Amino acid sequence: MTQIAPSILAADFLNLGKDVETVNKYADLFHLDVMDGRLVPNISFGFPVVEAIAKKAEVPMDVHLMITHPECYIERFAKTGAKMISFHYEAVRDPEPVLGLVKENGCLAGLAINPDVPVSKLFPFLYACDFVLIMSVFAGFGGQKFIETTYERVKELKAEIDARGLSTKIEVDGGVSPANAKKLVECGAEILVAGSAVFKAEDPAEVIAAMR
Ligand code: DX5
Ligand code: ZN
């Protein structure tokens with residue numbers, strides 16, 4: 001079953017409780033985008049927001065770290081109660097020990113890549129990934145246009161995962177909406193992140209249902 005992960009980056013921060021409620025009721029995961037202004041040209045939110053959401057979250061938190069030196073913060077995010085933690089391939093010299101660190105802290109480990117990084121770069125690490133996060137926009141901002149080459153990238157990755165007999169899941173993030181959800185799932189995606197499509201909609205529940 002496809003999991004829908006609304007991205008809190010697009011929520012109404014003055015009424016965060018209301019948007020948290022929407023995720024609890026209708027979605028499968030909280031997608032939390034942490035940005036440091038170094039790996040990506042934007043700064044989002046950090047521990048105070050993640051900890052506040054953790055107190056109300058009834059579905060697991062999926063923390064997407066768009067930061068340099070993710071290894072320095074994994075333990076602390078795990079302690080907030082995150083169930084999934086991903087960090088960027090571009091952010092580390094060797095992903096392997098960092099994936100191990102995520103798992104040692106009791107979380108599912110994910111490796112994320114930007115659209116300009118060949119998916120084959122992930123192949124050597126697939127065995128150590130519980131999931132991979134394929135960016136379908138350049139990491140840094142919500143509300144960008146979905147990049148169409150993502151379909152091929154997801155297919156290529158899925159073929160490799162299957163060929164190796166692995167159960168690594170594919171998560172797709174950026175510009176995802178009911179318009180591309182079905183095709184992404186057909187290509188092999190199992191987790192769909194959607195920020196603007198969900199929170200800027202008049203009826204977020206309807207959009208989540210449509211994406212399933
Ligand atoms: C972008 C983030 C995304 C973003 C998705 O760097 O990783 O999770 O919030 O937002 P939409 O769905 O609006 O593209
Ligand atoms: Zn994200």
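How many bridges pair S5 and S6, and in which sense do the two strands run? They pair over four bridges, in the parallel sense. This is a predicted model, and the strands in question belong to an open sheet of eight. Below is a friendly walk through that sheet, the loop that follows S6, the nonpolar cores and the surroundings of ligand 1.

**The sheet as a whole**

- The eight strands are arranged in the order S1-S8-S7-S6-S5-S4-S3-S2, with parallel pairing, and the sheet is open.
- At its edges are strand S1 (3-6) and strand S2 (30-35), each of which pairs on one side only.
- On average, neighbouring strands of this sheet are turned by 20° against each other, direction ignored.
- S1 is joined by four bridges to strand S8 (residues 191-194), and the two run parallel.
- If you would like a residue pair to look for there, proline 6 stands opposite alanine 194 in S8.

**S5, S6 and S7**

- S6 is mostly covered, with five of its five residues buried.
- Which way do the side chains of S6 point? Phe131, Leu133 and Met135 point one way and Val132 and Ile134 the other, and all are buried.
- On the S5 side, isoleucine 113 stands opposite isoleucine 134 in S6.
- S6 and S7 are paired over five bridges, again in the parallel sense.
- Two residue pairs help to trace that pairing: isoleucine 134 stands opposite valine 172 in S7, and leucine 133 stands opposite glutamate 171 in S7.
- Four of the five residues of S7 are buried, so S7 is largely enclosed by the rest of the structure.
- Helix H5 lies across strand S5 (108-113), S6 and strand S7 (169-173), and runs at about 165° to S7.

**The loop between S6 and H5**

- Serine 136 sits in the loop between strand S6 (131-135) and helix H5 (150-163).
- Is serine 136 buried or exposed? It is buried, because its relative accessible area is 0%, under the 20% cut-off.
- Leaving aside neighbours within four places in sequence, the contacts of serine 136 include Pro115, Lys145, Phe146, Ile147 and Thr150, along with Val172, Asp173, Gly174 and Val176.
- Phenylalanine 146 has its place in the loop between S6 and H5, and with 8% relative accessibility it counts as buried.
- Not counting residues up to four places away in sequence, phenylalanine 146 touches Ser136, Val137, Tyr151, Gly174, Gly175, Asn180 and Leu184.
- One of these pairs deserves a look: phenylalanine 146 and glycine 175 are 29 residues apart in sequence, while their C-alpha atoms are 4.3 Å apart in space.

**Nonpolar cores**

- The largest nonpolar core has 65 residues, and those with the most contacts inside it are Ile8, Ile85 and Leu157.
- Isoleucine 8 is in contact with Phe13, Leu16, Val23, Phe30, His31, Leu32, Phe45, Ile53 and Phe199, once its neighbours within four places in sequence are left aside.
- Another core, of eight residues, lies apart from the largest one, and among its members are Met35, Val40, Met66 and Leu133.

**Around ligand 1**

- Ligand 1 is surrounded by 20 residues, the closest being Asp33, Gly140, Asp173, Gly195 and Ser196.
- Which residues place a backbone N or O atom 2.7 Å from an oxygen atom of ligand 1? Glycine 140 does so, and so does glycine 195.
- Serine 7 takes part through its side chain, with a polar atom 2.8 Å from an oxygen atom of ligand 1.

**A backbone angle to check**

- Histidine 69 has a positive phi of about 50° although it is not a glycine.
- Most residues other than glycine have a negative phi.
- You will find histidine 69 in the loop between strand S3 (61-66) and helix H3 (74-79).
- Histidine 69 is partly exposed, with a relative accessible area of 48%.

Note on methods
Residues numbered from 1 in each chain as written. Chains lettered and ligands numbered in written order. Predicted model: local features only at pLDDT ≥ 70, side-chain atom pairs only at ≥ 80, totals over all residues. Heavy atoms only, no water. Buried < 20%, exposed > 50% of the residue type's maximum accessible area, 1.4 Å probe, protein only. Contact = heavy atoms within 4.5 Å. Pairing = 2+ DSSP bridges. Axes fitted to C-alpha atoms, helices over the stretch in contact; angles between N-to-C directions. Core = buried A, V, L, I, M, F, W, Y, C linked by side-chain atoms within 4.5 Å. Near = heavy atom within 4 Å. Polar contact = N/O pair within 3.5 Å; in protein donor to acceptor, adjacent residues only side chain to side chain.
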